[in-house]
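Colleague: I am new to this structure. Please take one part and walk me through it closely.

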Amino acid sequence: MPLRLPDRLPAIDLLKSENIFVMGDTRAHAQDIRPLRIVILNLMPLKITTETDLIRLLSNTPLQLDISFMKLKSHTPKNTPIEHMMMFYRDFESMRNEKFDGMIITGAPVEQLDYEDVSYWDEITGIFSWARTHVTSTLYICWAAQAGLYYHYGVPKYPLPKKMFGIFPQVKLDAQLPIFRGFDDVFQMPHSRHTELHRDDIMACPELTLIAESDDSGVSIVMARGGREFFITGHLEYAPDTLDKEYRRDKDIRDDVELPKHYYRNDCFEEGPLVTWRAHANLFYSNWINYYVYQETPYNIEDIK
């Protein structure tokens with residue numbers, strides 16, 4: 001089944017070139033099947049890139065998905081054309097009376113600020129609360145994962161002595177969870193962050209379940225409310241060249257940038273990336289859609305509660 005996307009979204013042509021079946025609004029209106037409604041609150045600076053990364057992963061399901069994009073009224077992005085934002089994104093205020101089967105909240109380049117110092121903290125915490133009554137299951141990614149755990153459960157973040165940057169092995173702690181269906185014992189996950197969560201803080205909260213972690217990168221995935229909330233500290237959605245682009249950007253402006261670990265072939269920049277996480281990334285998002293969104297959502301979307 002196809003992904004249903006807004007007509008003329010830039011990601012459509014790229015995804016079609018990868019043989020991913022996408023459907024524009026015009027054709028989708030002729031379908032007599034209720035698609036699952038997925039909303040993406042995209043806080044990343046390069047929004048078109050993030051849109052494409054997430055849509056690529058969401059495409060790996062036989063279910064029809066209706067994708068919407070949400071933006072903050074209290075924040076104006078600097079790296080995405082205003083025309084793109086106006087055409088494809090809607091303010092939260094215009095969506096607050098709608099309900100969605102799934103939601104994804106991305107990371108944001110504000111992790112070194114105290115939460116309350118983030119200019120849009122009041123608006124985004126309002127969205128965190130809203131999601132609990134208007135969304136069946138929500139994925140919080142990277143900074144959003146830290147912010148969601150802090151807001152909902154009081155879990156603090158801690159500064160790292162140096163950036164966690166690279167691809168790190170993760171161990172699943174409950175192999176029977178549907179989110180890990182088809183996973184190997186160890187899976188890889190990209191990380192790019194300056195702060196971390198502590199395992200003891202997660203374990204001290206009875207409402208939280210630590211379901212994946214790493215000896216190298218620490219807390220990886222936390223689950224709450226029976227799978228209605230997932231908090232992911234890394235970036236399974238990253239494309240093969242994302243860390244490469246970040247490394248090239250940073251080394252051009254600073255002289256203390258280290259190579260991303262376990263990312264380049266033989267740890268050699270000139271040999272290019274070795275992709276080791278994409279299969280599990282596809283599995284994770286497919287399992288989330290199939291087991292925590294589709295199987296838990298009511299036939300009538302207005303019955304979500």
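Colleague: Start with Gln188: where does Gln188 sit, and is Gln188 buried or exposed, or partly exposed? Then go on to the largest pocket: which residues lie nearest its centre?

Modeller: Gln188 counts as partly exposed, at 22% relative accessibility. Buried means under 20% relative accessible area, exposed means over 50%, and partly exposed is in between (1.4 Å probe, protein chains only). This is a predicted model, where local features need pLDDT of at least 70, side-chain atom pairs count only at pLDDT 80 or more, and totals for chains, interfaces and linings use all residues. Residues are numbered from 1 along each chain as its sequence is written, and side-chain values use heavy atoms, with hydrogens and water left out.

Gln188 belongs to strand E9. Helices (H or I, at least four residues) and strands (E, at least two) are DSSP runs, numbered from the N terminus. In sequence, Gln188 and Gly234 are 46 residues apart. In space, their C-alpha atoms are 10.0 Å apart.

Strand E9 covers residues 186-196, and Val186 is in it too. Val186 is partly exposed, at 41% relative accessibility. Together with Val171 and Leu173, Val186 makes a nonpolar surface patch of about 220 Å². Patches are made of residues with over 30% relative accessible area and no salt bridge; like charges are joined within 9 Å, nonpolar side chains (Val, Leu, Ile, Met, Phe, Trp, Tyr) within 5 Å. A salt bridge is a side-chain nitrogen of Lys or Arg within 4 Å of a carboxyl oxygen of Asp or Glu. Accessible areas come from the Shrake-Rupley method with a 1.4 Å probe; for residues, only the protein chains shown count as cover.

Now the pocket. E9 supplies at least two residues of the lining of the largest pocket, as do helix H3 (47-58) and H8. H3 gives the largest share, six residues. In total, 38 residues line this pocket. Met44, Pro45, Tyr238, Glu246 and Arg249 lie nearest its centre. The space in the largest pocket is about 950 Å³. On a 1 Å grid over the protein atoms alone, a pocket is an open set of points where a 1.4 Å probe fits, with protein on both sides within 12 Å along at least five of seven lines; lining residues have an atom within 4 Å of a point. Grid points are joined across faces, edges and corners, and a volume is the space filled by probe spheres set on the points.

Helix H8 covers 242-251, and the loop from H8 to helix H9 (278-294) holds Asp267. Asp267 is not a glycine, yet its phi is positive, about 55°.
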